[in-house]
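Work through the exercises below with the sequence and the structure at hand. Each task is followed by its solution in steps.

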Amino acid sequence: MSETVEKTKAPSEPLFSKKNRKLVTDPLSDNNPITIQVLGICSALAITVQVEQAFWMSVSVLFVLVMGNLSISLLRNLIPSRIRIIVQLVVVASLVIIVDELLQAFVPDISEKLSVFVGLIITNCIIMGRFEAFAMGNKPWPSIMDALGNSFGYAWILLLVALVRELFGSGKILGFEIFGNNLPGEESGLYAMGYVNNNMMILPPMALIVVGIIIWVQRSRNKALIEDH
Amino acid sequence: MDTTLDIFVKAIFSENMIFAYFLGMCSYLAVSKTVKTAVGLGAAVIFVLGITIPMNYLLQNYVLKEGALGWLNPEYGLDGAHTIDLSFLSFIMFIAVIASMVQLVEMLVEKFAPALYGALGIFLPLIAVNCSILGGALFMADRQYSTIADATAFGIGSGIGWFLAIVAIAAIREKIRYSQVPAPLRGLGITFILTGLMGIAFMSFMGIEYKNGDKKAETEQVEAPKTSQNIELNK
Amino acid sequence: MAINRDSNGYTFGFAIALVVVVGTILASLSLGLADIKKANAEKKKKMDILSAIGIESTRSTVDGIYDETVLNSFVVDATGNVIEGEKAFSVDVRNQYRNKTIEKADRKYPVFEAKNAEGKMITILPVVGAGLWGPIWGYIAIGEDNETIAGAAFDHKGETPGLGAEIKQSFFEDRWVGEKISVNNEFQPIQVVKDGSGVNEMKVDGITGGTITSVGVGEMMNRTMAVYVKYFNNKK
């Protein structure tokens with residue numbers, strides 16, 4: 001589960017060196033935080049009923065992870081080791097409060113829908129995991145790259161699950177009707193031909209099954225990831 | 001208006017932390033390979049939720065909520081001249097309470113109940129970052145339970161629900177080793193799908209209506225003005 | 001490094017500095033955004049109230065429309081008498097219902113009087129209750145005859161999408177329009193039914209698959225309207 005601390009030692013490497021690019025691309029597939037490292041599932045699944053919520057959740061996580069990795073990395077030589085974890089918690093919690101306040105003030109409707117799940121970014125293991133495993137031992141720039149990579153890895157799984165669930169669960173994407181009108185009495189498009197939304201998709205358990213299937217596909221394509229039970 | 005018992009039963013079954021809200025999934029997936037460790041972690045979660053939810057309830061209602069500081073000076077209360085609203089601090093305060101309580105509980109258990117420490121000890125530090133603990137605190141604040149008894153019932157109920165979920169999945173995972181699971185699905189993949197199927201099973205608790213004295217009283221009051229003629233009409 | 005990072009003094013100093021910095025940032029942010037958040041909440045409430053009489057508004061237009069439409073508001077007690085000196089808009093109806101320390105007889109019931117598009121006087125009443133997963137609430141518009149429902153707008157916190165969450169769709173809200181809350185000045189409960197007989201008076205069809213939420217709507221309607229009928233009777 002936990003990774004070994006990677007050290008970037010080269011004193012003057014270009015900003016987009018191969019190593020730095022790898023920091024971004026790795027978490028997208030072979031080291032995806034959700035499907036491979038199994039981190040940050042808690043807050044991920046509950047808000048994947050609609051693409052819109054998943055999008056805002058991803059943006060919030062991106063903000064918290066980038067800012068957090070940056071500040072931890074800047075402070076890494078100042079933080080007393082004994083209260084390291086508490087300091088990390090304080091940094092995450094404050095960033096999450098900032099995100100929550102901003103959402104409440106500027107996109108109140110979204111903030112209402114995400115409800116307590118914004119707060120749960122604090123215990124999103126991806127964030128604490130990256131602070132501890134990467135930002136504590138690396139310079140600010142690679143830390144930002146690492147944060148970007150991990151939050152994109154998190155975001156695309158989230159958006160994919162949300163896309164599947166919204167499309168088959170309510171026949172819409174971002175509220176836009178894909179399969180036609182579903183109002184009783186005035187059906188059009190596919191609904192007029194007898195198509196019915198799969199209400200199952202909207203219910204919580206299907207999020208797990210969709211993620212399970214994504215893992216299945218991913219591991220069939222990359223045999224190296226297969227576990228032996 | 002749920003009674004305390006309702007809140008307790010709902011928290012265990014229909015509003016199960018794992019199956020309805022996916023809270024605490026990280027440790028749920030990581031520590032569910034054998035039943036023995038699952039029982040340990042599950043018990044620790046019940047324990048910590050049972051302690052931190054009432055603590056955070058007091059914090060929420062006497063410090064953080066808008067006007068909650070009214071007991072210090074009526075001026076700070078809801079109707080006072082300088083209403084104080086500290087609710088923006090709730091995330092940071094809840095997580096601080098949880099982290100310090102976990103630490104405290106760990107020390108106390110180690111000192112006074114070494115046997116229990118042997119069983120729970122290694123799991124306690126894991127719990128500070130278990131989403132179900134913070135999630136429980138946030139749900140408690142969100143749902144505005146009106147008494148500390150309700151909040152405690154919710155805390156312990158959620159813990160028991162989490163315990164049930166992790167022990168059940170651990171038992172299944174122990175057995176599934178002998179099954180022919182497709183190779184790419186082994187381990188994580190099949191656990192996700194199993195949890196989903198278990199979630200569907202748990203959804204059958206959703207339709208249960210928790211009839212209770214309190215609700216009855218309200219309905220009776222509503223129906224009181226009915227005349228006998230009306231009742232027949234309704235039939 | 002000159003400073004010993006593991007000394008107690010340094011650890012304390014760091015912790016204090018961190019708390020001060022974080023506290024300052026968060027407090028100033030919260031204070032700075034407080035007005036916007038409060039305005040957001042008020043606008044949302046005004047939009048909900050207006051939607052009960054079929055007026056759709058956006059966050060930017062709601063204030064003006066609300067001031068033009070809602071002419072009068074006051075608070076009544078559980079026996080239907082007006083309480084002087086209470087502001088209807090600031091009564092937290094959900095807290096009145098959920099807080100077990102407020103006696104049923106002491107609950108406050110806000111009333112909003114508005115003019116609809118045809119210039120008729122409509123009374124808008126808030127309702128709150130419990131659905132399957134969490135709170136549900138809504139605003140009910142009562143027509144000039146003081147007994148017929150002229151409009152309804154429901155909302156919810158987290159009902160099952162596609163099932164219970166459908167209570168906020170217009171097809172369900174419209175089923176309430178035309179029902180009467182009282183017959184011969186006596187309160188009359190409206191039944192939520194499953195058998196499709198909801199076209200009759202005093203009956204409303206529930207939502208298939210959303211039974212508990214629909215029943216919750218019925219419960220909150222009847223519990224609240226039983227009180228407001230007393231107010232309408234006093235008024236007549």
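A residue is buried if 20 or more other C-beta atoms lie within 10 Å of its own, exposed if 12 or fewer, and partly exposed in between, with C-beta atoms placed from the backbone. The model is predicted: local features need pLDDT of at least 70, side-chain atom pairs count only at pLDDT 80 or more, and totals for chains, interfaces and linings use all residues. Residues are numbered from 1 along each chain as its sequence is written, and chains are lettered from A and ligands numbered from 1 in the order in which they are written.

**Exercise 1.** Classify Thr211(C) as buried, exposed or partly exposed, and state which helix holds Thr211(C).

Step 1. Thr211(C) has 17 other C-beta atoms within 10 Å, so Thr211(C) is partly exposed.

Step 2. Thr211(C) lies in helix 5 (residues 211–235) of chain C; helices are DSSP runs of H or I with at least four residues, and strands are runs of E with at least two, numbered from the N terminus.

**Exercise 2.** Classify Asn146(C) in the same three terms, then describe the phi of Asn146(C).

Step 1. Asn146(C) sits in the loop between strand 5 (135–142) and strand 6 (149–156) of chain C.

Step 2. Asn146(C) is partly exposed because 18 C-beta neighbours lie inside 10 Å.

Step 3. Asn146(C) is not a glycine, yet has a positive phi of about 65°. Most residues other than glycine have a negative phi.
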